[in-house]
Amino acid sequence: MKQLGIAMIGYGGIGRVHAMAYRTIPFHYGLAADTFRIVGVATTQETTARKAAAEIGCENWTSDYRDLLARDDVDLVDVCVPNHKHEEIVVAAAEAGKHIYCEKPLSMDVAEGKRMVAACELAGIKTQMTFNFRFFPAITRARQLMEQGFLGRIFSFRGRYYRSSYIDTNKPLSWRLRKEIAGGGALFDLGSHVLDLVTYLLGDFGSVQATIDTLIRERPIAPGSDEMAPVDVDDIALMHLRMADGTLGLVEISRMGTGATNDLQIEIFGDRGAMRFNSTDPSWLEVYDLRDPGQPLGGMRGFRKLETVQRHEGQKSPDWSMPPGFVRAHAECQYQFLRAIVDDVSSSPSLADGLRVQEAMEAALQSSAQNRWVTVEEVR
């Protein structure tokens, strides 16, 4: 496979996960270790950039990401910065002719996302969103079954993403709790993932009715500080969704889910069967088939678990029977993008797909503020 040079822009918690995942790809697919090489890393300070480079094992670091965009040995940039910097960096990278891999959510709002997608389309580059949950084999199998009509007519769906990451009232303000930097709270942070799965499996969004709330309205400005400041993003979002084909569903998102670790679930109900996925047990896709005999005493009816486990096509290691994990899903999301660049084929989910999720989130914000259903057409 052709060698590709990667520039990491941003190296916080998720940047470290991205770097870790790139390193694992050659082992999964039996590739030379230098097939995908992180050429350099940029952070806002030279000291943190130097430390990041030492951790990654790359030779170049900088406090100005433009230094990396100017390099001929950089083929793509991986954008892992806070949300308010996405547009600036994505547009600059597109103008430099670099392919772009971007953390979710795409942007601060729809208008910004449209400018980003337009810049990338004008540049003719390839793009991909970090919607890594798509790349669990159970979700891949769910999409196959949906396309084959396994569920028949879809009655309804339910998505849920709960974490307990902000239940501590003493947890200080971070950029994820500031609207000027994050754009939104739980809706943007977690909701973007579950909404991506909804549109991936069920098609285009139609309209949204949402209630969004902030449950802890003030937090310390720094660890241990007595000074408090307001929180201006949401902690919880409860959404009714009607898809473009009329299908109704519910999506719940919360960073205040006491006891929840990283609990993403999706359930879809049809007139021939049902399916469900739970990220806390990601080895399995559970399916229910109404065509199974129901007699005697229930016959063979009931939810059964499909052993999707770690069945990534072409994977050499580890063995398919091993359970998948968070970093492995990131690695697969990255690998599919890198293959799309090498093979010069379409990448997915693209930034345009990220814009569709952004539209649904913006419709939710408007709906909650105006207490009415809002169509995605209204926010485009």
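Me: A helix here is a DSSP run of H or I that holds at least four residues, and helices are numbered from the N terminus. Which helices supply at least two residues each of the lining of the largest pocket?

Reply: In this predicted model, they are α1, α8 (186–202) and α9. The pocket itself holds about 910 Å³ of space. Its lining has 41 residues, and the closest to the centre are Gly 13, Ile 14, Cys 80, Trp 175 and Arg 176.

Me: What makes a residue count as part of a lining?

Reply: A lining residue has an atom within 4 Å of a point of the pocket or cavity. In the largest pocket, the lining residues divide into 17 nonpolar, 14 polar and ten charged.

Me: Let's turn to the helices. Why is α1 called roughly perpendicular to α9?

Reply: Helix α1 (residues 13–29) and helix α9 (residues 326–343) cross at roughly 70 degrees, with axes that come within 8 Å. Angles of 65 to 115 degrees count as roughly perpendicular, so α1 is roughly perpendicular to α9. Among the residues that make the contact are Ile 14, Val 17 and Tyr 29 of α1, and Phe 326, Tyr 335 and Leu 338 of α9. By class, this contact has twelve nonpolar, five polar and two charged residues.

Me: At what angle do α6 and α8 pack, and how far apart are their axes?

Reply: The angle is about 35 degrees, and the axes are 9 Å apart. Ile 139, Ala 142, Arg 143 and Met 146 of α6 meet Leu 197, Tyr 200, Leu 201 and Leu 202 of α8. Seven of these residues are nonpolar, none is polar and one is charged.

Me: Now the sheet. Why do β3 and β6 stand at the edges?

Reply: The open sheet has six strands in the order β3-β2-β1-β4-β5-β6, with parallel pairing. β3 (60–62) and β6 (127–129) each have a single partner strand, so each has one side without a neighbour in the sheet. On average, neighbouring strands are turned by 20 degrees against each other, direction ignored.

Me: How do you know that β5 and β6 pair?

Reply: Pairing takes at least two bridges between the strands. β5 (residues 99–102) and β6 have three, in the parallel sense. Here Tyr 101 stands opposite Gln 128 in β6.

Me: Which strands does α9 lie across?

Reply: α9 lies across β1, β2, β4 (76–79), β5 and β6, and runs at about 165 degrees to β5. Helix α2 (residues 46–56) lies across β1 (4–9), β2 (36–42) and β3, at about 155 degrees to β3.

Me: Back to empty space. Which helix gives the most to the lining of the second largest pocket?

Reply: That is α6, with six residues. The volume of this pocket is about 450 Å³. Of its 17 lining residues, Arg 134, Thr 140, Arg 141, Gln 144 and Tyr 200 are the closest to the centre. The lining divides into four nonpolar, six polar and seven charged residues.

Me: What makes a space a cavity and not a pocket?

Reply: In a cavity, a 1.4 Å probe fits but cannot get out, whereas a pocket is open. The count comes to three cavities of 30 Å³ or more. The largest cavity has a volume of about 50 Å³, and its lining includes Trp 175, Arg 176 and Arg 255. For the second largest cavity the volume is about 40 Å³. β14 gives the most to its lining, with three residues, and the lining has eight nonpolar residues, no polar ones and one charged.

Terms used:
Residues are numbered from 1 along each chain as its sequence is written. This is a predicted model: local features need pLDDT of at least 70, side-chain atom pairs count only at pLDDT 80 or more; totals for chains, interfaces and linings use all residues. Side-chain values use heavy atoms; hydrogens and water are left out. Axes are lines fitted to C-alpha atoms, for helices over the stretch in contact, and angles run from 0 to 180 degrees between N-to-C directions. Angles under 35 degrees count as roughly parallel, over 145 as roughly antiparallel, 65 to 115 as roughly perpendicular and the rest as oblique. Contact means heavy atoms within 4.5 Å. Ala, Val, Leu, Ile, Met, Phe, Trp, Tyr, Cys and Pro count as nonpolar, Asp, Glu, Lys and Arg as charged, and the others, Gly among them, as polar. On a 1 Å grid over the protein atoms alone, a cavity is a set of points where a 1.4 Å probe fits but cannot get out, and a pocket is an open set with protein on both sides within 12 Å along at least five of seven lines; lining residues have an atom within 4 Å of a point. Grid points are joined across faces, edges and corners, and a volume is the space filled by probe spheres set on the points.
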